[in-house]
Amino acid sequence: MSLTEQFGKDVLITGWGHSRFGKHSDETLESLIVQVAAEAIRNAGVEPDQIDEVFLGQFNSGMVPLGFASSLALQASDEMAGIPATRVENACASGSAAFHQGVKSLLAGTARTVLVIGAEKMTHATADVVGAALLGADYEMAGQHSTTGFAGLFADVANHYEKRYGAVGDVLGSIAAKNHRNGMLNPYAQLRKDLGEDFCQTVSDRNPVVAAPLRRTDCSPISDGAAALVLTTTALSLSAATIPVRLVGFGQANDFLPAGKRDPVAFAGSVTAWQRATAMAGVSLDDLDFAEVHDCFTIAELVLYEVIGLTERGAGRRAVEEGWVYRGGKLPVNLSGGLKAKGHPVGATGVSQIALAAMQLSGAAGDMQLPGARRAAVHNMGGLAVANYVSVLEAV
């Protein structure tokens, strides 16, 4: 039973906006939010005063002084005065959390048209401020000093994985190289450079170890950026610049916060969120044309191949070695370049993933376009697979 059958109404993405990800010294959090909000509203062909509710995904955690950003979207138009606006936070999944809240508002019938925004401004802050902010999403490390930050936590995942299943060898470098190659085709990506497998697989002065076994190329960059979506239950406007995309399933699952209550390589919450979303959509892995997954570190993408059922546990490298996850493979993963190449402005990531998947499904992805793409799944997580969101989209 699909979402439409279960709730008796469609949820459509009818417009989107997206900034370039990277270092934006001349932009503020406000200017990024206003830019993408105005673009999404314009592309949806609606008037600003037709928006019934706004949800903003933003982590912040002290990276910018303003801790009350929900009304910034109203700066896009004076006609938006009085529209309810709420900031949503769930670590690196804040963008998907905002999206799911918007979906639920539509399904509850309290709104007909919702604006969802994800945004983060990070690059102006010092490395210690950003590191402390991100570690605030970890139960054990919040408030603690660390020289490796979240890279160290995911390095522990890689080390546990190797102890259980054997050495991953060069596969992490291959994943990084794949995503950099894909990022070359994404005009919004922060790192648009094909680094090649040899560079990504080799420790060097330009690619040092950050937290063994993870090298610099195994880690997503610090980024500024924003993305926005307009959600409706009906395609409202014939003047829309974008072709609508339908949400057919969604799922969320949170795991325990203390590390001792989680299997470090199971990503159990991601498994549950994936199962809930695909069950609602009534689809299997074979029904998907591509997936966008949360590759904050390359080891995360490797584990996620197993989470979504591409391979058995411990055999994720097979999906790379046999070409399944490449463009033209049986399930291309992270055609956008993923967080690894596109960038990872924390609150923006989930909204960006959905916006770029919608571009693919509507045939508007330009050089990134996967011919004939009709259905996709998007996975976004906060913390070390603690807050997990999956959305299944299809072409209308």
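By a salt bridge I mean a side-chain nitrogen of Lys or Arg within 4 Å of a carboxyl oxygen of Asp or Glu, and with that criterion the side chains of K178 and E301 form one, at 2.9 Å from N to O. Before going on, I should say that this is a predicted model, in which local features need pLDDT of at least 70 and side-chain atom pairs count only at pLDDT 80 or more, while totals for chains, interfaces and linings use all residues. Residues are numbered from 1 along each chain as its sequence is written, and side-chain values use heavy atoms, with hydrogens and water left out.

Let me stay with the salt bridges. A search of the whole structure gives ten of them. The pair K178 and E301 links distant parts of the chain, with K178 in helix α6 (residues 171–183) and E301 in helix α9 (residues 298–307), 123 residues apart. Helices here are DSSP runs of H or I with at least four residues, strands are runs of E with at least two, and both are numbered from the N terminus. Are these two partners buried or exposed? K178 counts as buried at 2% relative accessibility, and E301 is buried as well, at 0%; the cut-offs are under 20% relative accessible area for buried, over 50% for exposed and partly exposed in between, using a 1.4 Å probe and protein chains only.

A second pair is D194 and R181, whose side chains meet at 3.9 Å, N to O. D194 lies in the loop between α6 and α7 (197–201), whereas R181 belongs to helix α6, 13 residues apart from it in the chain. D194 is partly exposed, with a relative accessible area of 38%, and R181 is partly exposed at 34%.

The third example is E321 with R317, at 2.6 Å from N to O. Because these residues are four apart in helix α10 (residues 317–321), they are separated by about one helical turn. E321 is exposed at 53%, while R317 is partly exposed at 28%. Elsewhere, salt bridges that share partners join D10, R246, R375 and E394 into one network.

E394 brings me to strand β11, which covers residues 387–395 and has nine of its nine residues buried, so the strand is largely enclosed by the rest of the structure. In a regular strand the side chains alternate between the two faces of the sheet. In β11, A387, Y389, S391, L393 and A395 point one way and N388, V390, V392 and E394 the other way, and all are buried.

Which strands pair with β11? Pairing requires that DSSP finds at least two bridges between two strands. Strand β8 (residues 245–254) runs antiparallel to β11 and is joined to it by nine bridges, with G249 partnered by V392. Strand β10 (residues 375–382) is also antiparallel to β11, through eight bridges, and there G382 has A387 as its partner. In the hairpin of β10 and β11, with four residues between the strands, G383 takes a positive phi near 70 degrees.

My last residue is G350, which sits in helix α12 (residues 349–361) and counts as buried at 0% relative accessibility. Leaving aside neighbours within four places in sequence, G350 contacts G95, S96 and N380, where contact means heavy atoms within 4.5 Å. The C-alpha atoms of G350 and N380 are 5.8 Å apart, although the two residues are 30 apart along the chain.
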